[in-house]
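Here's a quick briefing to read alongside the model. Have the sequence and the 3D view open while you go through it.

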Amino acid sequence: MSNKSAVILVSGGMDSATAVYEAMEQGYEPYFLHTSYGQRTEDKEYECAQALAEKVDAADFLHIETGHLSQIGASSLTDEEMDVADADMESDEIPTSYVPFRNANLLSMATSYAEATESEAIFIGAHSEDFSGYPDCRPAFFDAFQNVIDVGTKPETEIELKAPFVEWSKTEIAERGLELGVPYEMTWSCYRDEEPACGTCDACAFRLEAFRNAGSRDPIEYAERPEFS
């Protein structure tokens, strides 16, 4: 049993699953934090996060309903009247799937959870292809939030915010996960559908490309597996 622990934001997707295994590789006992915020695939994501928690024998699994993000809206992930766009892997625009300031909400809850459980770290699986489109996935955001943690917790509390893949590509995450034995069949990335994955949204496109570049076949089911490169 490890003598140090970490709260890990576990969405049910491949990046956060890899973050779980990276945290365990670094010697942390994992405390899972999963949120449902009205996203289209929330049931499938919850199922995947739960399955992974059981797989790794997580110390705890905290599921929080964060419906206020859906009520706030302005994202195609939560607003049924907004379409989830097809993949555009060359775009530098902020995509419609951006949930306004979501990571600040999630990291605030993770900080509360980490302080309550006396965990030494928080892990988030954000990566470089995220921060090109999502402002709350940028290294500067995580640096700023570390300062929020430091000034907003008890004087004796020390929590390190870790985004181990923040400068990595999706391909590098897939390669690392395959090396660590991440059970990617237990993960879900599709923005549109709960099963099978659509294969054509941004999340599916980047995931499929990452597995192809890593020389491995993505183990989940897709309605189609288009080539994007």
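C201 is buried, with 0% relative accessibility (buried is under 20% relative accessible area, exposed over 50%, partly exposed in between, using a 1.4 Å probe and protein chains only). This is a predicted model, where local features need pLDDT of at least 70 and side-chain atom pairs count only at pLDDT 80 or more, while totals for chains, interfaces and linings use all residues. Residues are numbered from 1 along each chain as its sequence is written, and side-chain values use heavy atoms, with hydrogens and water left out.

**The cysteines**

- How far is the sulfur of C201 from the closest cysteine sulfur? The distance is 3.7 Å, to C204, and that's too far for a bond.
- In fact, searching the whole structure turns up zero disulfides (a disulfide being a pair of cysteine sulfur atoms within 2.5 Å).
- UniProt, in an unreviewed entry, lists C190, C198, C201 and C204 under "binding site". UniProt positions are in the numbering used here, feature names are shortened, and annotations may be inferred rather than shown by experiment.
- C190 sits in the loop between helix 7 (170–180) and helix 8 (202–213), and C204 is in helix 8. Helices (H or I, at least four residues) and strands (E, at least two) are DSSP runs, numbered from the N terminus.
- C190 is buried at a relative accessible area of 1%, and C204 is buried with a relative accessible area of 1%.
- Setting aside neighbours within four places in sequence, C190 is in contact with T41, A197, C198, C201 and C204 (contact means heavy atoms within 4.5 Å).
- On the same basis, not counting residues up to four places away, C204 touches C190, A197, C198, G199 and Y222.
- C48 is a buried cysteine too, with a relative accessible area of 6%.

**The other annotated stretch**

- The unreviewed UniProt entry also places a "binding site" at V10, S11, G12, G13, M14, D15, S16, A17, T18, A19 and V20.
- G12 is in the loop between strand 1 (4–9) and helix 1 (14–25), and its 4% relative accessibility makes it buried.
- Leaving out residues up to four places away in sequence, G12 touches H34, E45, C48, A49, M186, T187 and W188.
- S16 belongs to helix 1 and is buried at 5% relative accessibility.
- Beyond its neighbours within four places in sequence, S16 is in contact with I8, L9, V10 and S11.

**The chain as a whole**

- How many helices and strands are there? The chain has eight helices and five strands, and from the N terminus the order is β-α-β-α-β-α-α-β-α-α-β-α-α.
- Of the 229 residues in the chain, 52% are buried.
- Take the contacts with a separation of 6 or more: 72% of them come from residues 24 or more positions apart.
- E29, in strand 2 (residues 28–36), counts as buried at 19% relative accessibility. Its C-alpha atom is 9.8 Å from that of I8, 21 residues apart along the chain.

**Helix against helix**

- Two packed helices are described by the angle between their axes and the distance between the axes.
- The axes of helix 4 (residues 102–116) and helix 6 (residues 139–152) come within 11 Å and cross at roughly 35 degrees. Axes are lines fitted to C-alpha atoms, for helices over the stretch in contact, with angles from 0 to 180 degrees between N-to-C directions.
- N103, A104, L107, S108 and T111 of helix 4 meet F141, F142, F145 and I149 of helix 6.

**Backbone oddities**

- Most residues other than glycine have a negative phi, and most peptide bonds are trans.
- The peptide bond from E195 to P196 is cis, with omega near -5 degrees, and P196 lies in the loop between helix 7 and helix 8.
- D57 has a positive phi near 55 degrees. D57 is in the loop between helix 2 (42–56) and strand 3 (60–65), and is exposed with a relative accessible area of 63%.
- E118 likewise has a positive phi, near 55 degrees. E118 is in the loop between helix 4 and strand 4 (121–123), and is exposed with a relative accessible area of 67%.
- G181, just after helix 7, takes a positive phi of about 80 degrees.
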